[in-house]
Amino acid sequence: MNTTVQRIDAAALRAAFHDGGEIALLDAREEVPFDARHLLMASCVPLGRMEALIDALVPRRDARVVWCDDGDGYAEQAAARMTALGWRNVSILDGGIAAWEANGFPIYSGVHVPSKAFAEVVEHEAGTPYISAQELKDLIDSKADIAIFDSRSYEEFHGNSIPGAISVPGAELVYRFRDLTPSPDTMVVVNCGGRTRSIIGAQSLINAGFSNKIVSLMNGTQDWHLAGYEVIKGATRRPPDVSATGLADAQAAAARVVERAGIQAVDPATLDQWRADRSRTLYVLDVRTPEEYEAGHLPGVRSAPGGQLIQETDTFCATWGARVVLVDDNGVRAAMTASWMQQMGWETAILTFDPATSVPGLVSGSYTPKRLGLDGISVASIDPDGLASRLKAGKTVVVDLDYSRPYRDGHIPGAWYAMRTELAAAIAKLPPADAIVFTSPHGTMAKLAAAEAADMTETAVLALEGGTKAWESAGMPLETGEEFLASPVLDIRLKAREQNKDVEEAMREYLAWEIHLVNQMAEDSDHRFNVMT
């Protein structure tokens with residue numbers, strides 16, 4: 001069996017996007033440089049986090065995989081590491097992004113570009129109606145009969161929202177529509193932070209055949225902010241439980257979409273057959289709310305709330321040309337999400353189960369990805385009590401490998417932030433110590449980094465057993481802030497609202513970028529969009 005890492009040139013990669021076979025294009029850089037320039041079809045899979053991401057993103061070991069970077073050397077390391085982990089058809093884009101660009105092929109900025117570009121194409125081709133922030137403000141002031149549905153995640157809605165809005169994440173819109181809009185005369189406005197989920201949400205309701213006047217809020221909460229209107233922080237409005245009448249209406253609406261879009265429904269036996277088919281990649285995703293998923297879900301199924309799945313498909317499904325089975329408990333949310341996945345170019349089917357009938361084998365709890373790379377690794381470890389004693393003595397430095405945002409929001413007192421991708425450079429910036437203790441949320445990255453660091457320093461290296469979660473569970477304190485940075489903060493591209501300065505200008509630039517995507521799609525043949533009009 002050939003497990004050698006091959007090279008593929010830009011022209012051959014472009015041809016591969018159109019040959020009908022499966023392909024996963026992976027970019028080994030961190031999110032900030034990825035955001036600056038990358039290929040349309042790429043998923044961002046940073047080298048330092050690959051072992052925690054790759055099994056879910058590219059589950060089939062024989063799938064065709066191409067790694068790329070921008071001349072940084074990360075792609076070669078990632079390809080070698082992935083091959084060592086058991087993937088058998090791994091290549092590197094020869095010359096990287098620069099070679100792709102030199103061939104005259106398009107380069108994109110931004111994150112989750114396929115999803116955001118798809119929404120722009122939907123608005124253009126389906127003619128999704130919209131209103132401006134000023135028009136919405138006039139409706140609110142005149143006490144018009146309107147309902148404002150915020151189609152983002154509840155956490156985003158809670159962070160900033162429009163007065164009077166209620167949290168109805170994307171896949172929930174059709175499911176909960178009748179209970180939230182009992183009158184056919186109520187005008188429905190769907191908004192998000194920018195454009196994508198506003199457009200997809202409004203068009204979902206229109207495609208479902210509801211008779212109300214339905215519009216998206218042009219440019220979402222950002223435009224509301226730019227217009228100088230009040231933005232609410234800490235909103236908590238959520239829908240009530242779905243009534244029997246509401247469910248019946250939602251199922252009828254979803255059935256119309258299923259028939260129109262030709263969505264396939266499969267049973268558990270078919271799903272088992274597809275899981276056994278080693279010639280195709282299969283993603284099985286539960287599109288209900290995180291709370292419902294945690295209460296009970298089918299084994300081996302990942303949580304992917306429908307609205308977020310359409311918003312950031314590249315973080316769930318990296319293998320283009322794969323099969324996707326969407327799961328829910330009554331068919332509504334799976335059908336609506338499947339209709340969009342299918343229009344984006346995925347081979348999509350739905351599966352419905354009823355948790356009330358005590359389906360055998362249901363499991364509870366949150367999704368835990370399979371973390372690879374630990375086989376054969378032996379590193380010294382330390383428990384939270386031992387670490388606390390060492391820190392009290394003042395002779396140990398802690399290195400936190402979590403993402404920068406959760407590190408900022410809470411880390412072990414005195415811990416340094418570092419990216420595993422640049423581990424040697426990070427170690428060189430640490431203060432002198434008798435020992436370096438690595439931590440990560442659950443300890444996996446800590447063990448991997450400790451094994452690598454042992455060859456980079458003469459200082460004793462340990463991993464915190466159970467990671468920062470174990471530290472918290474032991475009742476140990478956390479501190480906030482980002483005083484100690486051993487690596488540049490390149491892992492998370494900040495949203496416009498999160499910028500330290502020029503927030504409004506960042507919002508304008510972002511919205512202009514998003515709107516321009518439809519023009520770029522008109523000139524790019526690599527995408528697989530086929531909008532239902």
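**Buried contacts and overall fold of the predicted chain**

Trp416, with a relative accessibility of 16%, falls under the 20% limit and therefore counts as buried. This value, like the others reported here, was computed from a predicted model. Phe484, by contrast, has a relative accessibility of 24%, which lies between the limits of 20% and 50%, so this residue counts as partly exposed. The relation of Trp416 to Phe484 is taken up below, after a description of the chain as a whole.

The protein chain contains 22 helices and 21 strands. Its radius of gyration is 24 Å, close to the 24 Å that the globule rule gives for 533 residues, and the chain is therefore as compact as a globular protein of that length. Measured out along the principal axes, the C-alpha trace extends over about 70 × 55 × 50 Å. Buried residues make up 53% of the 533 residues, and the accessible surface of the protein chain amounts to about 21,800 Å², with 49% of that area belonging to carbon and sulfur atoms. Among the contacts with a separation of 6 or more, 77% are made by residues 24 or more positions apart. The chain carries 48 positive and 73 negative charges, and the mean positions of these two sets are 1 Å apart.

Burial can also be followed within a single element, as in helix α3, which comprises residues 50-57 and is mostly covered, with seven of its eight residues buried. The buried residues of α3 are Met50, Glu51, Ala52, Ile54, Asp55, Ala56 and Leu57, a list that includes the acidic residues Glu51 and Asp55.

Aromatic side chains were examined next, and 12 aromatic pairs were counted. In one of them, the ring centres of Phe149 and Phe177 are 6.5 Å apart and the ring planes stand at 90 degrees; since this angle is over 60 degrees, the pair is edge-to-face. Phe149 belongs to strand β7 (residues 146-150) and Phe177 to helix α9 (residues 172-180), so the pair ties together parts that are 28 residues apart in sequence. Both Phe149 and Phe177 are buried. Trp416 and Phe484 form a further aromatic pair, with a centre-to-centre distance of 5.3 Å and an angle of 35 degrees between the planes, an arrangement classed as tilted. This pair links distant parts of the chain, 68 residues apart, as Trp416 lies in strand β19 (residues 416-417) and Phe484 in the loop between α21 (467-473) and α22 (503-522). In addition, Phe17, Trp100 and Phe105 form one aromatic cluster.

The loop between α21 and α22 also holds Ala486, which has a relative accessible area of 2% and is buried. When residues up to four places away in sequence are set aside, Ala486 touches Trp416 and Tyr417, together with Ala418, Ala425, Ala426, Lys429 and Leu430. Trp416 is thus a partner of Phe484 in an aromatic pair and a contact of Ala486. The C-alpha atoms of Ala486 and Glu422 are 9.4 Å apart in space, although the two residues are separated by 64 residues in sequence.

Another set of contacts involves Gln311, a residue of helix α15 (residues 306-311). Gln311 has a relative accessible area of 9% and is buried. Apart from residues up to four places away in sequence, Gln311 touches His112, Ser115, Lys116, Thr196 and Arg197. The C-alpha atoms of Gln311 and Gly170 are separated by 9.2 Å, whereas along the chain these residues are 141 residues apart.

His112, one of the residues touched by Gln311, is located in the loop between α5 (96-102) and α6 (113-126). Its phi is near 55 degrees, a positive value in a residue other than glycine. With a relative accessibility of 14%, which is under the 20% limit, His112 counts as buried. A positive phi, of about 55 degrees, is also found for Lys143, which is likewise not a glycine. Lys143 is placed in the loop between α7 (133-141) and β7, the strand that contains Phe149. The relative accessibility of Lys143 is 73%, which is over the 50% limit, so Lys143 counts as exposed, whereas His112 counts as buried.

Key. Residues are numbered from 1 along each chain as its sequence is written. This is a predicted model: local features need pLDDT of at least 70, side-chain atom pairs count only at pLDDT 80 or more; totals for chains, interfaces and linings use all residues. Side-chain values use heavy atoms; hydrogens and water are left out. Helices (H or I, at least four residues) and strands (E, at least two) are DSSP runs, numbered from the N terminus. The radius of gyration is taken over C-alpha atoms; the globule rule is 2.2 Å times the number of residues to the power 0.38. Buried means under 20% relative accessible area, exposed over 50%, partly exposed in between (1.4 Å probe, protein chains only). Contact means heavy atoms within 4.5 Å. Accessible areas come from the Shrake-Rupley method with a 1.4 Å probe; for residues, only the protein chains shown count as cover. The place of a charge is taken as NZ of Lys, CZ of Arg, CG of Asp or CD of Glu. Rings of Phe, Tyr and Trp (its six-membered ring) pair if their centres lie within 6.5 Å; planes under 30 degrees apart count as stacked, over 60 as edge-to-face and the rest as tilted.
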